Amino acid sequence: MAVLLDHFGRSAAARAGLPPPRFSPAAHAALMAYAWPGNVRELRNVVDMLVAMGGTGDDEGALIDIADLPQEIREESTETARATDLKAVKEAAIRAAVDACGGNLSRAARRLGIARSTLYMRLSALERGA
C-alpha cells in the first residue's frame, strides 16, 4: 500500500509539473489504515486530489497532513484509534481482574460481570494475540 501511495503521488506530481508530495506521519498512517472500498482507483483519485490541492508546499514538494485528507478518511482513522484504545482497556481490565483474584477465573469473571465461559474465550483470544 505504501508503494502505491508513493507511486501515485509521484505520478500525479509529474503530470502537474510539481515535486513529489510528502506525507506527514499522521496522514500516512490514516491513509494506510483506511479500508479503501473503491480499491486502487479510489486511492489514486485521493492522491491526485491531494497533489492538486497542494497542502503546505516548498521546493521539496507539498507536505500532506491529516487535515488535508478527505473527511471520511480522517474519521475512519479516528474510529480505528478508538477501537484500538478500547481493546487495550478491555485487555487491561481482564488481566487486572485475574491478578486481583489470584488467578481464580470464576471470581475474576464475577468481578468483571461476565460469564466464566466468556472470560475463557477472551483470555484465549488474548493469548492468540487476536
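In this predicted model, M1, L4 and V40 come together in a nonpolar patch of about 220 Å² on the surface. One member of the patch, L4, belongs to helix α1, which spans residues 2–16. The relative accessibility of L4 is 33%, so this leucine counts as partly exposed; the class lies between the buried limit of under 20% and the exposed limit of over 50%.

A look at R22 takes the description on to the strands. R22 sits in strand β1, made up of residues 22–23. With a relative accessibility of 28%, R22 is likewise neither buried nor exposed, and therefore counts as partly exposed. The C-alpha atom of R22 lies 8.8 Å from that of D6, although 16 residues separate the two along the chain. Helix α1 covers residues 2–16, so the position of D6 falls within this helix by the numbering of its run.

It is helpful to set these residues against the chain as a whole. The chain holds six helices and two strands, and their order from the N terminus is α-β-α-α-β-α-α-α. Of its 130 residues, 28% count as buried. Turning to contacts between residues at least 6 apart in sequence, 60% of them link residues that are at least 24 apart. As for the surface, the chain exposes about 8200 Å², and 54% of this area is supplied by carbon and sulfur atoms.

Notes
Residues are numbered from 1 along each chain as its sequence is written. This is a predicted model: local features need pLDDT of at least 70, side-chain atom pairs count only at pLDDT 80 or more; totals for chains, interfaces and linings use all residues. Side-chain values use heavy atoms; hydrogens and water are left out. Helices (H or I, at least four residues) and strands (E, at least two) are DSSP runs, numbered from the N terminus. Buried means under 20% relative accessible area, exposed over 50%, partly exposed in between (1.4 Å probe, protein chains only). Contact means heavy atoms within 4.5 Å. Accessible areas come from the Shrake-Rupley method with a 1.4 Å probe; for residues, only the protein chains shown count as cover. Patches are made of residues with over 30% relative accessible area and no salt bridge: like charges are joined within 9 Å, nonpolar side chains (Val, Leu, Ile, Met, Phe, Trp, Tyr) within 5 Å. A salt bridge is a side-chain nitrogen of Lys or Arg within 4 Å of a carboxyl oxygen of Asp or Glu.
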